[in-house]
Each structure stands twice: as structure tokens, then as C-alpha cells.
Amino acid sequence: MNINRIICLKQLSPSSKDIYKSHIFDKYEKRKNNLEDMCLSDFACKFSDLNKLISKDDETLDNNENPICRQKEKIIRYYNYKLDTDPMNYYKEHLLLFLPFRNENTDINNKNYKQLFTNNIDIIKKNKTKYFKINEIEIEKALDD
């Protein structure tokens with residue numbers, strides 16, 4: 001723990017909003033090189049100590065520290081946008097969850113979602129099928145009934 005950071009936090013006023021805590025996207029984007037082909041969904045639900053998956057310096061160098069795999073994977077929850085009612089969010093959600101990327105802003109956000117989705121449909125399908133034992137269309141039909 002960085003003592004200077006603690007002191008700085010203590011010096012902030014109680015109403016200050018000048019604080020930041022890294023989140024799953026930050027950790028995912030800083031993952032080690034040997035996890036390059038891992039999608040965000042895999043990263044989030046397979047490992048119990050995400051900090052071991054992050055390079056300690058600016059370069060993503062691998063070391064001998066092995067991540068701890070969960071005995072039971074976490075369940076991912078997401079909005080599940082519908083293609084027919086909200087295509088842009090549908091494409092973006094699938095790209096973020098099931099397509100490996102290094103930088104959300106440059107690799108996903110600054111692109112045409114539909115085109116990027118179409119160009120990578122095989123990778124997205126392969127990664128998505130890990131999380132669905134039943135066809136998604138069958139699930140939607142059952143919910144409608």
C-alpha cells in the first residue's frame with residue numbers, strides 16, 4: 001500500500017470527488033501478455049485474484065506469478081440488449097464481453113460496432129458459447145411464452 005497515497009486521501013475534504021479506484025476494465029486492459037486472447041468475460045469469472053493477472057509496470061511483461069483459478073466460475077451479469085430494439089448497444093455489449101481487446105477506447109469505442117462485430121463474429125460466438133448451454137433464441141422464446 002502506498003503511504004503517500006493514504007496521506008493524500010486523508011488530506012482531501014470529505015466532499016471531494018478526487019478519488020479513483022481501478023475497476024475490472026482497468027485490470028483487464030493491463031493484463032499480462034500471456035492472456036492476450038482472453039475476453040473480458042473469461043477474465044472476470046475464471047480468476048479469483050485479478051491483481052495477479054496484471055503487469056506490475058507499464059509494459060505487460062510475464063512473470064512466474066500464476067493466477068488462482070476459481071473452483072467455481074463467477075456468473076456474469078449484463079444487460080442483454082436486443083438486436084432488434086437496440087442494435088448499437090447489442091453490438092457494443094458483445095464486443096466488450098466476448099472479443100479480446102487491449103484498449104476499450106481505441107479498439108472498440110472508436111470503431112463501427114456493427115462492422116467490428118461482423119468481422120469478428122467467429123471469435124465472439126466461440127467465447128459466448130462458453131456461457132450459454134441453451135441457445136439464446138430458445139431462452140428468449142421461453143421467456144416470451
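Reader: Which residues form one aromatic cluster with Tyr 28?

Author: Keep in mind that this is a predicted model. Here Phe 43 and Phe 101 join Tyr 28 in one aromatic cluster. Tyr 28 also has a charge to look at: Arg 31 lies over its face, 3.9 Å from the ring centre.

Reader: How many aromatic pairs does the structure hold?

Author: Eight. To read a pair, check the distance between ring centres and then the angle between planes, with over 60 degrees counting as edge-to-face. Take Tyr 90 and Tyr 91: the centres are 5.8 Å apart and the planes sit at 75 degrees, so this one is edge-to-face.

Reader: And what kind of pair do Tyr 91 and Phe 117 make?

Author: A tilted one, because the planes are at 55 degrees, with the centres 5.0 Å apart. Tyr 91 belongs to helix α4 and Phe 117 to helix α6, so the pair ties together parts 26 residues apart in sequence.

Reader: Are those rings buried or exposed?

Author: For burial, the cut-off is under 20% relative accessible area. Tyr 91 and Phe 117 are both buried; Tyr 91 comes in at 9%. Tyr 90 counts as buried too, at 13%.

Reader: Which residues touch the most other members of the largest nonpolar core?

Author: Leu 95, Leu 99, Ile 108, Phe 117 and Ile 124, out of 21 residues. Helices α3, α4 and α6 each give two or more residues, and α4 gives the most, with six.

Reader: What is Leu 99 in contact with, leaving aside neighbours within four places in sequence?

Author: Its contacts include Tyr 28, Ile 108, Leu 116 and Ile 124. That brings us back to Tyr 28, from the aromatic cluster.

Notes:
Residues numbered from 1 in each chain as written. Predicted model: local features only at pLDDT ≥ 70, side-chain atom pairs only at ≥ 80, totals over all residues. Heavy atoms only, no water. Core = buried A, V, L, I, M, F, W, Y, C linked by side-chain atoms within 4.5 Å. Buried < 20%, exposed > 50% of the residue type's maximum accessible area, 1.4 Å probe, protein only. Helix = DSSP H or I, 4+ residues; strand = E, 2+ residues; numbered from the N terminus. Contact = heavy atoms within 4.5 Å. Phe/Tyr/Trp six-rings, centres within 6.5 Å; stacked < 30°, edge-to-face > 60°. Lys NZ or Arg CZ within 6 Å of the ring centre and 35° of its normal.
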